Each structure stands twice: as C-alpha cells, then as structure tokens.
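Visitor: I am in my first year of studying proteins, and I would like to look closely at one part of this structure instead of skimming over the whole. Could you take me slowly through one group of charged side chains, and then place that group in its surroundings?

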Amino acid sequence: MAAAGKWSLGACQLGDGGSQRAVRSSAARPQFVEGSIVRVLMENFLTYDTCEVRPGPNLNMIVGANGTGKSSIVCAICLGLAGKPSFIGRADKVGLFVKQGCLKGVVEVELAKTPDNIIITREIQVVNNTSTWFINRKPTTLKTVEEQIAALNIQVDNLCQFLPQDRVGEFAKLSKIELLEATEKSVGPPEMYQFHCELKNFREKERELQNLFRDKTNSLEKMKQRLERYKQDVERYHERKRHLDLIEMLERKRPWVEYENVRQQHEEVKQSRDQAKEELKNLKEMQFPVKKKIQETEEYFKNLDMKIRDKAAEIKDVSQKCKQKQDALELKDKQIEEINQALRMKKDEEMDRQVKIHNTQKMIEEWKNELSTMAVSADLQPQTDAVNNELKKLQEERASIDSDISDLTAEKMNQKREEKRITDRLGQLNNIMNMKEENLKGKFQDTHSALIWLRNNKDKFKKKVCEPMMLEMRDHQKLRVNAVCAPAESRAESLPSRPIEELHRYGFFSYLRELFDAPHPVMSYLCSQYYVHDVPVGTEKTRNMIERVIQETKLRQIYTAEEKYIVKVSAYTNLTFSTNTSLREAQFLTSSVDTDERRQLENEQRDINNTLKSLDMHLTTLFERQKHLEHRDNELRQQKKELLERGNRRRQLESKIGVKYDSLRQLEEDAISLEDEYQQANVKIKEINIQKARLVTELMHHIKNCISLNILKADLVLQSTTVAAEKNRLESECNEGSVQLRAAEQRFCELDERKRLLTENCKELLKKAQQVCKLSPDQRLPKEFQTAFQALPTTLEEIDAFLNEEKTRASCFTGLNASVVEEYNKQIEEIQQLTEYLEEKKKELDNYKQNISQVKERWLNPLKKLIEQINGKFSNFFSSMQCVGEVDLHVENEEEYDKYGIRIRVKFHRSTELHELTPYHQSGGEKSVSTMLYLMALQELNRCPFRVVDEINQGMDPMNERRVFEMVVKTACKESTSQYFFITPKLLQNLTYNDKMTVLFVYNGPFMLEANKWNLKSFCRRRRRLGRMDEQ
C-alpha cells in the first residue's frame, strides 16, 4: 500500500472463457432483486477520497491485494445501511471511519426497488461523532431509514447475510441458538422469527407464571396450615365470647324477669281490684233501686189498703140492692136459669182461671219459701271468706316451703360441686399413686405383686402394714420381697444430737428427716435404722470446706447437693478417713403425694356425703308436706266452687219467680173479658123477656156492679198481698246487700293499697332493667333482646343457676383476645384473595399454554421444513466434495424455546465420525468450508436481497477453495437468486466463471487514475498489446 495516492476501482464482467468485456450500459443491465445494491458511493471514507462501486445483480467477486480497500466497501455497505460500527469489528465509533484529516465522510447506497430505487445517504461528522441521514437526497431520521431497510429484509447484523472480514471466525463460534435466530432472520418467512420471539416470550412468561403459581400455592398451603393453628384458638375465643355474651344477656334478662314477675302480680292484683271495684259499684247500684222500690212499695201498699176498704163498702150496698131485686125475678127463673146457665159456664171458665192463678201463686210461694230458706240458712259470704283465708294461709305456707326447697337445693348443688372438686383432687392424687405403682411394677415385679396381694389380704395382719414393704417375706405365691418391722418404741420424733443452728456456719441448712414425709412407722424405722434425724444436709459451702467440717463436727454421715460423705475412725490407728460418692438421680420418689392433704380431702368428702344425706332427708320431708298442702288446697278450692254454685241457684229462683209473676199478671188481665160476657147475657135476657127488661136490666146492673167490685176487691187484695211479700223480700235483700257492700269496700281498699305498692315496685324494677339494657325511660325493649330472651330460662332460679354455670365455663378460657380473631379473619381474607389470584393466574397460564400451542404449530412446522431444505442443500454440497455434512434442529427440551438451535455436523475424512461444527474441533479451512457451504445453502432459499462474505477462503486448501468457488458461482448465478458479494485477495488459476458474475478489481498506488477517468476498453487493448510483445 502506498503512503499516499488515489484509490480507484475497476470493474468488468467475465464470461465462461475468461475473456474481458466492458461493463454493460444501464439499458442492458440485468434486473436486480428488490433490495439489492445498485450503487455504493464513498467520500472521505477510510482510505477512499472518492469511490463509486456499481455491483452486478448476481455474484460479485471483489478482488484485490491485501490493504487495497476491499473490506472498506463492506464497511461502507454496513454503515450506509444503518449498521452499527461494533458489528464490523474494526472500531466502536462511527467517526473513526472518516478518512484521517477530514471532518466529514459520506456513504451513499442505492438500493433496487420498484418503481424507483432508494438512495440512502449517511453523512458522518467526526467532531461530535454523529450522523445525518438522507433518503433520496431528503433529510430523514435513523428510525425511518431502519424501517425502510427492514421492509426490504436487509439485516447487516446477521452473520448469515453479512459476514465481514473481522467476524469470519465468529461464525463458527455462533451457538446453535444464535445460528437458528440468524437463519430465521435471513431465509425464514418474516413471521417465523416473530413467532420464535413470541414463543420465547410466552415461555418466559409461562415459566414466571409457573414459578409464581408454585410459590403462591406453597404460600397458600402455609397460610392454610397457619390458619388451622389459629382455628382452635379462634374457636376457643368464640366459645368464650358466646359464654360472655350469654352471661351479659342473662344479666340483662334477670331484672326483666324480676320486673315481669312483679308486673304479673300487679296485673293480677289490678284485675282483682277492678273486679272488686265493679262488684262494689254493682252492689251500690243494686242497693239504690232496692231502697227506692221499698219506699214505692210501702206507699203503694197503703193506697191498696184504702182502696180495699172502699170497695168493701160499695160491695155491701150493691148486695143489699141485689137482694131486693131477686124476689122480683123468681118468676122469670126459667129464662133467668138459662141465662144463669150460660153465665155459670163463664163462671167455670173464670174458676179455671182462678185455679191457674192459685197454682201460680202457690208455685211462687214455694219458690219464695225456698228463697227465704236459702236466705236464712246460707249467708255464703262468711263461708267463702273463711275458705279464702284458709287458702291464703296455705299459699303462704307453700311459698315458705318452696323457698326452703330452693335454699336446700342450692345448698345441695354447692355441696355436690365441692364434692366434685374433692373427687377430682383425689383423682389427681390417685393418678400420682398409680404412676408410682407403674414405676414399681416396671422395676420390681415381685414387689408390685406382693403389694396387690397385701391390699387384698389386709385382714390377715394384726397390725398396719405400710406400702411398699422392705425385708424378705414369702407366701404361697413364692414371691421374693423385702419387708421390715417398725421398732416397738417409736423413733419418728427422735431429736438430733445437736441443733441445726450450730451447723449453719458450715453451710448446713436442715437434717435429712425434714426434707421428706413418710407414714409414722416408716419414719420411725428410718430414724432407728439410718438415723435420718441426725444426718445433716449442706450446700456448696459445705463441699468447699469439707475437710474442716469433718475435723471439727465429728459427723459420721454428711449430704450435700451432689455428694454423700461417710466418715469412719480406724479401730487400730484411731485415724479418721472419709469416702464420698456422687448422688444418683432420683428414681422412685420423683412423684410425691401429700398424705395430710389426701386425709383431709377424704374427711371433707365424708362430711359432704353426710350433709347431702341430711339435705336429701329434709328435702323428702318438705316434698311430702308440699304434697299434703296441694291436696288440702284442692279440697278448699272444691268447697269454694260449691259455695259459688249455691249462689247461682238463688239467682235462678229469682229469675223463675219473675217469669211466674209475668204469667200471673197475664191471667189477671184475662178477667176483663167476663164483664163482656155478662153484658151479652143481659142483652139476651132483654131480648127473651122484653116485659121484664127494666127489672132484669136493673138486676143485671146491680149484679154487674157487684161482680166488678168483688173482682176489683180481689185484685186489690191480691196486689196488696204481693206488694207486702215484695216489700219483705226487698227489705231482706237490702240488709244482705249492706253486709256485702261493707265487705266489698274493705276488699277494694286492701287490693288498691297492694296495687299501689306493686306499681312502685314495678317502676323501680323497670328502671333498673332499662339501665342494665342501656335504654331510655321511653324506649321499648328492642326486638333483638326479645328474640334473645326467648331462648333463655324464664325463672329467676334457672337464670341464676345458668348464670353461675356460664361464668364458670367462661373462666376456663384464659389468655385469649380479639387479635386472634382479627388475625384469623385476616388470614381467611388473604387466603381468599390469594385463591382468587391463583385462579386468575391459572387462567392466564392456560391462555399462555394455548397461545404457545398455537404459535408453536405455526412456527415449528415451517421451521422443520426450512431446516430440511437447508440440510438437503448442505448435504449435497458436502457430498459433491466427497465429505459429509448435516444440518438439523437441535432440541434439548421441547418446551424451552430459547434453547432451540441449528446444529451443523461435518465429516471431512472417511475415518472420522460426524462432529458438530465448533470453534475448536475443526481446522480453520474446515470451518471456512463449512461456513461457506452453509451460506450457499441459505443462498438458494433467497429471502434476503444480498449476502456479503469477506475473505472466507483464506484458510482453505486449493482443492477445497476451488470446489467452494465453483459451488458459489453455480449457486449465486442461478436465476432469481439474491445478490452475492464475495471478497477475496486472490483467486486460483483456471477457475470456472459464469457470464452472470461480476468481477470488481481494487487497485491502489500513487499513479492510479481517478475512477471517473478509468477506461476499461483501453486497458484491455493495452494489455493485449503488451501480451503480444511479450510473446515476441
């Protein structure tokens, strides 16, 4: 390379015979594939001042020595088509591609497109390392340029389409995944890479969702487990809350029950008072007309008496006149007899009426007599009052007995509760004894068997035997156990040899006997045999000064917290020596029973049983007395009922008498028709005996007057009698009514006073109940309280018992608060939210799986067909070189779409196996051949408009280079293939060329012509002339 000079490029197209021809005119230029490069212009770019390259539509061979500027054309193509400097591999800043000494460089690329080509211009500024873009000489943006380039499927960052010199070795380093993506972009349908990206995104999101779903599911399970732990506390809290609510409701209902009881008593008393008031009013109303009627009866009786005397005088006068006329009528007897016969018939009828009147009067008299008898013999009120008084006493006595029964029952319940407490405590103590027995049974089977035998045969011993036994004892069961006999003289209360206070300075705090309890015989034996009353127990202080303790105290046996010391004096040398042993862990006395407590509990249990028996006897007596009082109460109520029925009989008789009086008045009124009959008879007599008409008339007149007067007199007498009887009756009734009135007034006053007291009590109890329920005085009891009260006991005794029971139950629940419920509810809400969230994510995950399935089918099947096509062409290329090559789709996991890749396997020697193309296994030439043939396999698929390969043949041997070159020419020069740029510094001789390929020569040197002055025809003529001169 020259230090300075003009750079230029020459171009020609070669036929199969290697002859040179001038570049075709634009009119004869073949058709370019849309998106292929028509022209490349460079100004102040790398080593070029000005250079324009016009490639052909098919294979373009760019040939030139190293350093002439072949790769600069590749850089211009890459940067002019919006490629990044880093992809070229030469520099990381675009300003470094401007020729040294210049401030601005220009790259212009013309792309084929229908109907008009696109000219993309990039001006590179060195100062601020920026670029200005133009499309068809008009300013534009980088984004617009990228969109235009992408629309033409140009990918300068894809090694399968654009392979610069500095990145040739990187192709073999491409991973299978990167190679698949590059291939998809290069030759796949436009949507293939898009589907692949969607699948990877879907799979990534699916994986994230699966992980999230798994984590959330685990969290949900942990929350459910935590919820189960909370559930028991919440149930206990709710149970306690129910007890407290029930206690509160019972305490609220109790004053209402007290109020209701008093109110019912008030209503009963009020009803009785109203009845007494009504009775008093009725009695007063009944008394007033009776007195008034008595006065009227007396006046009426006096008037009747005067009328009777007047009628008697009149009758006497008329009778004398009739006597005088009878003599004159004797002659007319026959006629008169007939008339009298008719008159007698009327008189018979009158007699019948009189008989009926008499019978009616007689019946009235009988009933009156019965009434008078009842009035005399049965003043029922005193008897009724006596029965009521006795009933009242019975009620009071029954109430007293009920109160005693209630008190005794409550006392009995208290005693039973106390008995249950004692029984439970004894059960606990017995459980400790059972544990000790089980321990004994496990370690000393014979001793336990002997213990059971002893309990069943205590009657065979004269004195008390303590458990367990120690010393040897045999019986027919052949058990070997130890037993001892307590000393005849008790040693349990023996005093120690010195007070414990004298040993305090040595760290001793007690004697061994004071540290445990035992039955008296056992303690006596231990004191006699082991001197436990004289063995002191010390502390850590004692242990630290043990030698001084042994010398000064002369004790024979000493205990500390961890050791036991035995001190002995030699009988021969009179020397003192001691031995110490570590104390073992407690084995048999780890569980202890307080015998005094147990004995006290058993005594209390016996006392309670005796008390319960006494209470049962007393209750039985009260129940019998209560039954007797109930029987007497029934008898008195039956007696009261009979008295009331007798009073009803009196009212019935009075009603019947009134009815008979009405009948009697009717009979008396019927007597008026007899006068008409007399008149009719007189008319007949006058008709029969006209001559005696005046006599008969006078006689009849006198008779008529006499009869009328007699009838009137009789009626007056009867009325007088009736009035007299009525007067007597009224006076009797008035006297009786006065007595009843006074009794009714007294009863009314008593009931009114009792009503007043109950009213005041009701108001106080109502106020108290309203205060408990937090109600205002004018506010009624809410329905929720009424509903809650219906399910509770209705009596005070039941409420008090239920209240005590609920308080006891509520006190059993401790250590609970509302935060447990809040936490529990919070956990439930979180679980519900998390469950809904998981369901939503599950649906989302299913959607992703469905999308993956759909996109996978649309992506994988075309991809497999594409790779089969690439494999077929790749294999054919290798077969033509007597080698083997395969391309397949590498899948590690069908669901991991980001792990899909294209695997290239090659074999260049018959003795080897197929090996995957890697940066390390194959040689440089083998990698170059494999890369070139793979690109050739892609070339025939022809989706990208052009491909660029820069100096890939450098590592090949001549044979492989020739074969590869022939394949490139053959493949790139086919019809309807994309444009191909093959850059190389050298070519082998006698290569096969195609008429459709274009060879671009790159020259350099100080004497180079400018590109616009280059004439290829002149160059060819000069070259032929020189060739002939060389031949001569």
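**A close look at R39 and its partners**

Guide: Let us begin with the salt bridge in which the side chains of R39 and E108 meet, with 2.7 Å from N to O. R39 lies in strand β3 and E108 in strand β6 (residues 104-111), so this pair ties together parts of the chain that are 69 residues apart in sequence. Both R39 and E108 are buried. As general background, side chains of opposite charge can pair when their charged atoms come close. Please keep in mind throughout that what you see is a predicted model.

A further partner of R39 is E110, and the side chains of these two residues meet in a salt bridge at 3.0 Å, again taken from N to O. This pair, too, links distant parts of the chain, with E110 in strand β6 and R39 in strand β3, 71 residues apart. E110 is buried, as is R39.

R39 also forms a salt bridge with E52, where the distance from N to O is 3.3 Å. Here R39 is in strand β3 (residues 37-45) while E52 is in strand β4 (residues 48-53), and the pair therefore ties together parts that are 13 residues apart in sequence. The surroundings of the two partners can be read from their accessibility: R39 has a relative accessibility of 6% and so counts as buried, whereas E52, at 34%, counts as partly exposed.

These pairs belong to a network of salt bridges that links R39, E52, R54, E108, E110 and R137. For the whole model, the count of salt bridges comes to 30.

How far the predictor trusts this region is a fair thing to ask, and the confidence score, pLDDT, helps here. Among the elements of the protein, β6, the strand that holds E108 and E110, has the highest mean pLDDT, 92, while strand β2 (residues 20-21) has the lowest, 32. Over residues 1-29 the pLDDT stays under 50, and the model has 78 contacts beyond four places in sequence for that stretch. Residues 469-477 also stay under 50, with 26 such contacts. For the protein as a whole, the average pLDDT is 76, and 81% of the residues score at least 70.

Two other places help to set this group in its wider setting. One is V290, which lies in helix α6 (residues 190-326) and is buried, with a relative accessible area of 12%. Although V290 and L730 are 440 residues apart along the chain, their C-alpha atoms are separated by 6.2 Å. When its neighbours within four places in sequence are left aside, V290 is in contact with L730, E733 and C734.

The other place is an open sheet of three strands, in the order β16-β17-β18, with antiparallel pairing. Its edge strands are β16 (884-890) and β18 (915-916), each of which pairs on one side only. Between β16 and strand β17 (residues 901-907), which run antiparallel, there are seven bridges, and the partner of H890 in β17 is G901. In general, strands of a sheet pair through backbone hydrogen bonds, either parallel or antiparallel.

Conventions
Residues numbered from 1 in each chain as written. Predicted model: local features only at pLDDT ≥ 70, side-chain atom pairs only at ≥ 80, totals over all residues. Heavy atoms only, no water. Salt bridge = Lys/Arg side-chain N within 4 Å of Asp/Glu carboxyl O. Helix = DSSP H or I, 4+ residues; strand = E, 2+ residues; numbered from the N terminus. Buried < 20%, exposed > 50% of the residue type's maximum accessible area, 1.4 Å probe, protein only. Pairing = 2+ DSSP bridges. pLDDT = per-residue confidence, 0-100. Contact = heavy atoms within 4.5 Å.
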